[in-house]
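Thanks for coming, everyone. I'll put the structure up, and then we'll walk through it piece by piece.

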Amino acid sequence: MIKRRTPETRRPLRTRVLRAERISEHFAVVTVGGPELADFVPMGFDQWCRVFFRREGQRDLRLPTASGNGWMRQCMLMGKATRPWVRNYTVRAFRPEALELDIEIVVHEGGSPGSAFAQGARPGDEVGIFDEGITYLHPGRARQLIVADESAVPAALAILECAPADLEATVFLEVPAASDIRQVRAPAGAEVHWLARGGRGRRPGEVVLDALGASGPPEPPRYAWIAGESRLATGIRRWLTHERRAPRSDVASMGYWRAGRASPG
């Protein structure tokens with residue numbers, strides 16, 4: 001079970017799309033807003049949300065109403081004709097004075113629901129937000145390792161932007177193409193390495209695993225946060241705990257998705 005910190009109260013919040021922007025070849029940002037965001041509790045770092053949006057052919061967004069984890073049962077009891085899509089995304093920015101929240105989404109081929117939502121979002125579209133808290137539970141001043149493929153790059157960037165000025169970390173960010181590399185706001189002690197797969201047909205995570213094996217930290221980090229494709233997360237966790245002898249309690253490893261397997265609806 002991955003450790004995480006959640007707000008004291010959570011409930012589905014109904015918002016509307018304000019704008020959507022393609023920021024690189026494989027990334028888009030959808031900005032939502034509305035009065036219910038007054039109840040959103042910003043926690044920073046890798047704070048993530050369940051995002052509810054309409055399936056194709058649905059005219060209205062039907063949201064669960066239960067707080068806590070009761071929303072899951074409500075969704076499962078809905079018929080597929082009315083049940084919304086639910087996907088997990090990082091909160092890239094929250095502006096409480098304007099009640100606006102930015103969600104960054106990976107856009108890719110294959111027509112996944114999340115990718116279609118990011119590309120087709122229009123002002124006024126209804127979107128549900130359900131806060132799930134943070135998993136980046138850093139131990140204070142300690143050398144860290146942060147690793148992410150494209151699905152977790154938004155979370156890794158948010159962590160760096162929220163990090164204290166004295167953070168010391170080695171950071172590996174793998175993206176599909178060189179055009180997805182961007183400027184990073186990070187503390188001076190964070191060594192950020194962008195890795196682009198390019199057109200080599202490699203599975204997500206392979207490039208960063210090779211880079212770590214070739215030039216990983218000379219000693220185990222005091223804390224590691226790893227997220228992305230399932231084999232990336234498990235591969236680096238094993239490398240750290242077996243080869244680098246890092247204590248398992250110092251490694252937060254999360255498989256966001258699995259290559260070749262669609263997310264359940």
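Start with helix α2, residues 113-120. Here G114, S115, F117 and A118 are buried. Where do those residues sit around the helix? Look down the axis of α2: its buried residues fall within an arc of 160°, so they line one face. Keep in mind that this is a predicted model.

What does that face pack against? The buried residues of α2 pack against six strands: β1 (13-24), β2 (27-33), β3 (48-53), β4 (85-95), β5 (100-106) and β6 (126-133).

Now the strands themselves. A general point comes before the details. Strands of a sheet pair through backbone hydrogen bonds, and the pairing is either parallel or antiparallel.

In our model, six strands close into a barrel. Go round it in order: β1, β2, β5, β4, β3, β6. The pairing there is antiparallel. From one strand to the next, the twist averages 45°.

Let's zoom in on one pair in that barrel. β3 and β6 run antiparallel to each other, paired over five bridges. Find W48 on your screen. Which residue stands opposite W48 in β6? That is G133.

Next, another helix. α3 covers residues 153-162 and lies across β2, β4 and β5. Its angle to β4 is about 25°.

On to the aromatic rings. How many aromatic pairs does a search of the whole structure find? Six. Take F52 and W71. Their ring centres are 5.5 Å apart and their planes stand at 90°; planes over 60 degrees apart count as edge-to-face, so this pair is edge-to-face. Buried or exposed? Both F52 and W71 are buried.

Why is this pair worth a look along the sequence? F52 belongs to strand β3, while W71 belongs to helix α1, residues 70-77, so the pair ties together parts that are 19 residues apart in sequence. There is also an aromatic cluster, formed by F45, Y136 and Y223.

Last stop: strands β10 and β11. β10 is residues 223-229, and β11 is residues 251-257. These two pair in the parallel sense, over six bridges. Within that pairing, I226 stands opposite S253 in β11. How does the chain get from β10 to β11? It crosses through helix α5, residues 230-243. This β-α-β crossover is right-handed.

To recap: a barrel of six strands, a helix with one buried face, and a parallel pair joined by a right-handed crossover. That's my tour.

Conventions. Residues numbered from 1 in each chain as written. Predicted model: local features only at pLDDT ≥ 70, side-chain atom pairs only at ≥ 80, totals over all residues. Heavy atoms only, no water. Pairing = 2+ DSSP bridges. Helix = DSSP H or I, 4+ residues; strand = E, 2+ residues; numbered from the N terminus. Right-handed = clockwise from strand over helix to strand, strands pointing away. Buried < 20%, exposed > 50% of the residue type's maximum accessible area, 1.4 Å probe, protein only. Arc of directions from axis to C-beta. Contact = heavy atoms within 4.5 Å. Axes fitted to C-alpha atoms, helices over the stretch in contact; angles between N-to-C directions. Phe/Tyr/Trp six-rings, centres within 6.5 Å; stacked < 30°, edge-to-face > 60°.
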